Amino acid sequence: MSHHIVEVKNLQHTYPDGTIAIKDVSFRITHGESVAIIGANGAGKSTLVQHLNGCLEASSGQIRIGDTLLSKGTLPDIRRTVGMVFQQPDDQLFMPTVFEDVAFGPLNLGLTSDEVVLRVHDALDRVGAGHLSAKPPYHLSGGEKKRVAIASVLAMSPDILVMDEPTSGLDPFARRQLMALLREFHHTKIFTSHDLDMVLDLCQRTIVLHEGLIMADGPTGEIFLNDALLAACRLEKPFSMQGCPVCAGGNR
Amino acid sequence: MISINAAVIDLKRLELLADLDSPVHRLDARAKVLVTLVFIISVASFGRYELARLLPFFIFPIVMVALANLPPLYLIRKILLICPVILMIGMFNPVFDRAALFQIGQAEISGGWISLASLCIRSTLTIGAAFILVGTTGFTAVCQALERLGVPQVFSVQLLFLHRYIFVLADETARVSRARELRSCGRKGLGTVSFGSLAGHLLLRTWQRAERIHTAMQARGFIGRFHAHRYGCFGRSELCFVAGWTLLCLSLRMFDISTVLGSTLTGGLP
């Protein structure tokens with residue numbers, strides 16, 4: 001069986017204060033799929049993806065990555081397989097320089113020094129951040145930080161890439177650059193996002209979450225044509241699928 | 001708000017100095033840690049009324065700053081920032097220790113004043129040595145060197161986290177203070193009433209952020225151990241560096257070089 005398969009069965013998560021964030025979620029994502037998890041604020045998107053590499057522990061239910069059942073014993077393997085890019089790059093960059101930060105993951109994998117150097121340069125080049133390697137992370141712009149955060153995960157050669165709100169806080173050009181970069185990643189990709197145009201552009205499949213439950217799971221194009229579903233889940237069509245406000249006479 | 005940001009930038013500057021290239025920077029971190037340790041122990045082990053014998057120890061910071069191209073004024077400023085703490089520690093010495101130790105003309109100098117001056121010099125030397133160590137090595141490398149010298153890992157990792165979370169706490173403090181200042185319209189806001197709530201929020205926010213950082217570290221395979229990209233090796237230059245400074249520190253500690261030099265120079269005079 002491939003390492004690139006993600007299988008979630010009857011997942012539930014309750015926070016210590018009693019908030020039920022995920023009620024009963026099941027899905028299966030297969031090799032090479034690009035899947036978006038969308039939903040309104042508080043729908044449970046971030047909570048759900050944080051389960052995929054064991055950052056959060058499920059209250060009940062099962063998660064399988066390939067053949068491996070996620071448990072405390074399998075966490076190191078799972079974390080090597082599932083690369084997670086967090087919403088706030090500032091939380092992810094903590095070493096004194098960009099180079100050391102990107103090297104942090106490969107060093108934890110126990111790679112040799114030469115391999116680490118190769119991986120770091122390769123990952124930084126892939127995100128177009130090779131020139132930033134000697135800089136301290138706190139001197140970078142928002143877009144640069146995001147790219148370096150992605151490089152820090154790519155350097156670990158994950159089989160599955162999970163990203164929480166990848167385009168949030170980016171300017172239009174940086175967003176386009178990031179989307180082009182993500183298109184080149186041919187393994188399994190899972191995104192959460194409010195950027196529905198990016199979802200339409202990058203993801204063939206979309207899972208709609210609402211109040212901790214899956215309301216729909218299917219081809220992105222079909223989901224965005226279902227007005228009733230979108231309205232019930234406090235969502236809207238992507239801008240590219242909405243009529244032009246000028247041509248429509250400003251009636252939107 | 002500005003002062004918090006400035007303090008953080010100032011602290012980061014010390015860390016950035018470790019990226020300079022100089023013969024001292026290129027040495028293995030363990031050699032620098034060992035020499036700093038020997039220096040600090042030598043300086044700290046003098047008696048409380050010792051003054052003259054401490055002065056020759058200034059050769060260490062002067063030579064190191066010169067060799068490592070560190071900005072001396074910046075380091076002096078950092079040491080001066082800690083001076084109030086040192087003065088607070090020794091401020092009661094002149095009050096309680098009034099026994100005259102020697103006389104200059106009509107003025108009697110009490111033991112308390114001498115011990116205060118000695119404390120100031122010792123603190124300047126030891127704190128300066130610590131700043132020079134971080135400025136030439138970097139805090140992460142210092143912690144890794146400590147670990148390789150046999151310090152239990154739990155201590156070195158704690159030190160690293162402490163260092164990391166100083167920046168997290170300072171960032172959060174700067175943000176919270178900015179938000180408060182902007183809505184205080186140049187006044188005191190709600191004064192101490194708002195301060196209690198602000199401090200509580202600050203603690204919780206810092207805690208949450210620290211947890212997010214820790215989660216991100218775990219997601220990249222962190223299991224309580226920091227790995228260095230390349231470990232330096234303890235070669236001949238490191239050996240000479242450690243032997244040279246250790247010999248000098250021990251000589252200055254055991255022999256009164258300033259008196260010997262003074263009597264040698266003035267010995268021929270009538």
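## Contacts of a threonine in chain B

Two residues are in contact when heavy atoms of theirs lie within 4.5 Å. In this predicted model, B:Thr126 is in contact with B:Ile40 and B:Val43, leaving aside its neighbours within four places in sequence. B:Thr126 is found in helix H7 of chain B, which covers residues 111–137.

Is B:Thr126 buried or exposed? A residue counts as buried under 20% relative accessible area. B:Thr126 has 17%, so it is buried. Its side chain has a polar atom 2.8 Å from the backbone oxygen of B:Arg122.

## Chain A as a whole

Chain A contains 10 helices and 10 strands. Its C-alpha trace spans about 60 × 45 × 35 Å along the principal axes. A compact globule of 252 residues would have a radius of gyration near 18 Å, and the 19 Å of chain A agrees with this.

Of the 252 residues in chain A, 55% count as buried. The chain exposes about 10800 Å², and carbon and sulfur atoms supply 52% of that area. Contacts in chain A can also be sorted by distance along the sequence. Among those between residues at least 6 apart, 63% join residues at least 24 apart.

## Strand E3 and its partners

Strand E3 of chain A runs over residues 34–38, and 5 of its 5 residues are buried. A:Ser34, A:Ala36 and A:Ile38 point one way from the strand, while A:Val35 and A:Ile37 point the other way. Residues on both sides of E3(A) are buried.

Which strands pair with E3(A)? One is strand E8 of chain A, residues 188–192, which runs parallel to E3(A) and is joined to it by 4 bridges. Within E8(A), A:Ile190 is the bridge partner of A:Val35. Another is strand E9 of chain A, residues 205–210, also paired in the parallel sense over 4 bridges. Here A:Ile38 has A:Val208 as its bridge partner in E9(A).

## Helix H4 and its surroundings

Why is helix H4 of chain A, residues 98–108, described as largely enclosed by the rest of the structure? The reason is that 10 of its 11 residues are buried. Among them are A:Val98, A:Phe99, A:Val102 and A:Phe104, as well as A:Asp101 and A:Asn108.

The buried residues of H4(A) pack against three helices of chain A: H3 (89–92), H5 (113–126) and H6 (142–154). They also pack against helix H10 (192–219) of chain B. Just after H4(A), A:Gly110 takes a positive phi of about 85°.

## Two nonpolar cores

In soluble globular proteins, nonpolar side chains tend to be buried together. The largest nonpolar core in this model has 49 residues. The members that touch the most others are A:Ile38, A:Val102, A:Val148, A:Ile150 and A:Val208. The largest share of this core, 6 residues, comes from H6(A). A second, separate core has 45 residues, including A:Phe94, B:Leu160, B:Phe226 and B:Trp245.

Two of the residues named for the largest core, A:Ile38 and A:Val208, are the bridge partners from E3(A) and E9(A). A:Val102 is one of the buried residues of H4(A). What does A:Val102 touch, not counting residues up to four places away in sequence? Its contacts are A:Val120, A:Ala123, A:Leu124, A:Val148, A:Ala151, A:Ser152 and A:Ala155, together with B:Arg220 from chain B.

Notes:
Residues numbered from 1 in each chain as written. Chains lettered and ligands numbered in written order. Predicted model: local features only at pLDDT ≥ 70, side-chain atom pairs only at ≥ 80, totals over all residues. Heavy atoms only, no water. Buried < 20%, exposed > 50% of the residue type's maximum accessible area, 1.4 Å probe, protein only. Pairing = 2+ DSSP bridges. Core = buried A, V, L, I, M, F, W, Y, C linked by side-chain atoms within 4.5 Å. Rg over C-alpha atoms; globule rule 2.2 N^0.38 Å. Areas by Shrake-Rupley, 256 points an atom, 1.4 Å probe, with all protein chains shown as cover. Polar contact = N/O pair within 3.5 Å; in protein donor to acceptor, adjacent residues only side chain to side chain.
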